[in-house]
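Welcome! Open your viewer, switch to a cartoon view, and follow along one selection at a time.

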Amino acid sequence: MKLKTDFLWGGAVAANQCEGAYLEDQKGLSPMDILPSAQYGRKEAMYHPELALKKDYGYYPSHGAIDFYHRYKEDLALMEELGIKAFRTSISWARIFPEGEGEPNEAGLQFYDNLFDECKKRHMEPVVTICHFDTPLALTKKYGGWENRVLINLYLNYCSLLFKRFGKKVKYWITFNEINMITHIPFFGGGMLTEDIENVSQIAYQAAHHQLVASALAVKMAHECKEELLVGCMLAAGSFYPYSCNPQDVWEAVEKNQESYLFIDVQVRGKYPSYAQRIWKEKRVSLKMEAGDEEILRCNPVDYIAFSYYSSRLAGVSPEISGKTADGNAIHTLRNPHLDITPWGRQIDPLGLRITMNDLYDRYQKPLFIVENGLGAADKIESDGTINDDYRIAYTRDHIEAMKAAVEDGVDCLGYLSWSCIDLVSAGTGEMEKRYGFIYVDRDNNGNGTLERRKKKSFYWYKKVIESNGEMMD
Ligand code: BG6
């Protein structure tokens, strides 16, 4: 079984990590705009945004980012040269509604009109995330973020405008980036402040419910607007393995996987799974639902399952492993002794992608779409100007091979989008020098640099992969 001829090879970015121009053309503030980079305490600010709201950190990486807002034409020209067929980005809600509600901002809408036109001109299918960790800060301040049910209608108001305005240009939509992240970083996922909250799970699962209802209604709205529109959910995927065959370790892994599947169960199967009751009980969550919510969820399943995959995860209770953790990008994981690890602590597990794809497809039988996979690494410019990122080629090759194996296993996969196609600000650490792109951007962790773009060795390699539809991998 080969990849389909219309397989969507491409790359992904997010507005708040690449656009910059953070106040230009009347844009309002987004959560990322108040977060500093790693060296000034990003982790603390992510988990205690109420502190970040009061503090002046001096330098904020999202404010200028890679200046995609002004350079998108140049960047999309490079991506066309790379041969990509699909370009995933997100729309900044605060560019369209600076206050999250009220009158839309025509300048913001015009920017995305121009961007999607440019994608079409360069033969790229835009894949658009409606909310990528990007609930306008004004909605955090006024309503407390997604814990407040009022956000459902504000989001739908925003969606309605997007589908009407861009429905002719954008076929693939994603309602929320990594929806399961809301229980791990409530500020990113739901624009929520958690200071003084005795039980954060209570507000996180309530906010998640509001997003699930909003997502289902957005699916309905998109289909009513234009039948051909395809709307996906999006999971921060990576199956949990049990640390050992000790049944307690196995059970721990089952529970951890369910915490992520819960979201996709609702978005694909249209109802909360039976184990949701157990999770809520354990976490002392009492969920408020309104009459009609269950029917909304039941009647509006998503069209496809988008997911990010960076690594598998590991769970267990055996005493000898306590404290041996790795970086799971906010989702807690134990260190797997069988896997290599990146300098940023991410475990490298290409076979885990095949396992994850099989798990997801067995469970849901809906088309999968890999919308993020890539290696964050430090790159060096050689004296002759080249960047020989063989490590990125190796990582990407191994993961694409694993994806192809999953397709051989019978998994229906729409496409593979690398995170990223171009260097950009890291969401987790705010760094530029944790680079993900095939295109280098001259900007460092303090915002210095010319912003010049430069093709890495991986650029030429990925180009060949795309041209051969994944056949030429050397
Ligand atoms: C995903 C996010 O979790 O991981 C992206 O959707 C993010 O926004 C990516 O950039 C890589 O993580 P990081 O923290 O290295 O940027």
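**Stop one: the barrel**

In this predicted model, look for eight strands that close into a barrel, paired in parallel and following the order β1-β2-β3-β4-β5-β7-β13-β14. On average, neighbouring strands of this sheet are turned by 30° against each other, direction ignored. If you are new to sheets, remember that their strands pair through backbone hydrogen bonds, either parallel or antiparallel.

**Stop two: one pair of strands**

Now select residues 304-309, which form strand β7. Strand β7 pairs with β13 in the parallel sense, over four bridges. To find one of these links, click on alanine 306: its bridge partner in β13 is phenylalanine 369.

**Stop three: glutamate 372**

Stay with β13, which covers residues 368-372, and select glutamate 372 in that strand. UniProt lists Glu372 under "active site", in an unreviewed entry. Is glutamate 372 buried or exposed? Its relative accessibility is 4%, so it counts as buried, since the cut-off for buried is under 20%.

Which residues is glutamate 372 in contact with, leaving aside neighbours within four places in sequence? Show the side chains of Arg88, His132, Asn177, Glu178, Met234, Phe307, Ser308, Tyr309, Tyr310, Leu417 and Trp419 to see them.

**Stop four: two helices**

Finally, select residues 150-166, helix α9. Helix α9 lies across β3 (125-131) and β4 (172-176), and runs at about 165° to β3. Then pick helix α17, residues 457-467. Helix α17 lies across β1 (8-12) and β14 (413-419), at about 150° to β1.

Technical notes
Residues are numbered from 1 along each chain as its sequence is written. This is a predicted model: local features need pLDDT of at least 70, side-chain atom pairs count only at pLDDT 80 or more; totals for chains, interfaces and linings use all residues. Side-chain values use heavy atoms; hydrogens and water are left out. UniProt positions are given in the numbering used here, feature names are shortened, and annotations may be inferred rather than shown by experiment. Helices (H or I, at least four residues) and strands (E, at least two) are DSSP runs, numbered from the N terminus. Buried means under 20% relative accessible area, exposed over 50%, partly exposed in between (1.4 Å probe, protein chains only). Contact means heavy atoms within 4.5 Å. Two strands pair if DSSP finds at least two bridges between them. Axes are lines fitted to C-alpha atoms, for helices over the stretch in contact, and angles run from 0 to 180 degrees between N-to-C directions.
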